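Subject: Structure handover

Hello,

Here is the structure we discussed handing over. Please keep it open while you read the notes underneath.

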Amino acid sequence: MAIELKTAAQVAKLREVNLVVNDVLDALEAVAAPGMTTWELDQIAARRLKQLKADSAFLGYRGYPAVLCASVNQVVVHGIPRKDVVLVEGDILSIDFGAFKDGWCGDSARTIPIGKVSAAAMALMDATRRSLDAAIAQCVPGRRLGDIGFAVQSLVESLGYSVVRQFVGHGIGRKMHEAPHVPNYGEAGKGTRLGVGLVVAIEPMVNLGAAEVVIEDDGWTAVTKDGSLSAHFEHSVAITDDGPIVLSRP
């Protein structure tokens, strides 16, 4: 699949839908608390999405049954919201959400604490968030895809964590997944050169333990093989002459 560079007007449309995504994530973060189910969070997201006159990018995608991915503790990504998954004090919850508006797609994720969490969990979330910021800083014309992955990998591994390799970021635009693949690991100075108009969703997934991930029987839920905690942050980012624009950040 060829890489499609976006015009300034198209980036503006992508900014609009990504702000919808951010709005929904903010709403979920505000209410997520001990005693709530991930199914309830999915219902809240669906209602807010309707209010914002946008459509889910996840519901029905390859048969996915919800508008939200809600991944708790050792679940890395693609956790299906369920009535029997009840949040408890000390959990960490990774919320991944995507939407379409006016034919353009937005995608973002964040990991949040449920009540008071352990120092180890807080440190993992902080490192993952910082690795995303380091990757975004590489999104300038002339750099390469390897610089993005290297920024994530070098920071995460220097702190003793592991980068998930089974899932990567992606280009985004009229489709949720476009070229190029954007790994969270790599070699600096290698790979496709970044050009003005490229829009990518960068999404490091970082494990407290080893990097290996297994898929559960539902065909979606990805968990750490060793049962360790995992964190996930994602932003959609446009590369411009003036530097990176984080479309999913107000």
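The notes below cover the pockets, one loop residue and one sheet. Please keep in mind that this is a predicted model.

Pockets

The largest pocket has a volume of about 560 Å³. Its lining consists of 26 residues, and the ones closest to the centre are Tyr61, His78, Val168, His170 and His177. Two elements give two or more residues each to this lining, namely β7 (169–171) and β8 (178–182). The largest share comes from β8, with four residues. Sorted by class, the lining of the largest pocket holds 13 nonpolar, seven polar and six charged residues.

The second largest pocket encloses about 200 Å³ of space. It has 14 lining residues, and Ala109, Arg110, Arg129, Phe233 and His235 are the ones nearest its centre. Here the elements that supply two or more lining residues are β5 (104–113) and α3 (119–137). Strand β5 provides the largest share, six residues. By class, the lining of the second largest pocket has five nonpolar, three polar and six charged residues.

Arg82

Where does Arg82 lie? Arg82 sits in the loop between β3 (75–77) and β4 (92–101). Its relative accessible area is 42%, and because that value falls between the cut-offs of 20% and 50%, Arg82 counts as partly exposed. Leaving aside residues up to four places away in sequence, Arg82 touches Thr37, Thr38 and Trp39. Leu41 is 41 residues from Arg82 in sequence, and the C-alpha atoms of the two are 9.4 Å apart in space.

The three-stranded sheet

Three strands make up an open sheet with the order β6-β10-β13, and their pairing is antiparallel. Which strands stand at the edges? They are β6 (162–163) and β13 (230–232); each has a single partner strand, so one side of each is left without a neighbour in the sheet. Strand β10 (residues 205–207) is joined to β13 by three bridges. In one of these pairings, Met205 has His232 of β13 as its bridge partner.

Helix α3, which also gives residues to the lining of the second largest pocket, lies across β10 and β13. The helix runs at about 35 degrees to β13.

If you set up a calculation on either pocket, the residue lists above should let you find the places in the model.

Regards

Note on methods
Residues numbered from 1 in each chain as written. Predicted model: local features only at pLDDT ≥ 70, side-chain atom pairs only at ≥ 80, totals over all residues. Heavy atoms only, no water. 1 Å grid on protein atoms, 1.4 Å probe; cavity = no way out; pocket = protein on both sides within 12 Å on 5 of 7 lines; lining within 4 Å. Points joined across faces, edges and corners; volume = space filled by probe spheres on them. Nonpolar A, V, L, I, M, F, W, Y, C, P; charged D, E, K, R; others polar. Buried < 20%, exposed > 50% of the residue type's maximum accessible area, 1.4 Å probe, protein only. Contact = heavy atoms within 4.5 Å. Pairing = 2+ DSSP bridges. Axes fitted to C-alpha atoms, helices over the stretch in contact; angles between N-to-C directions.
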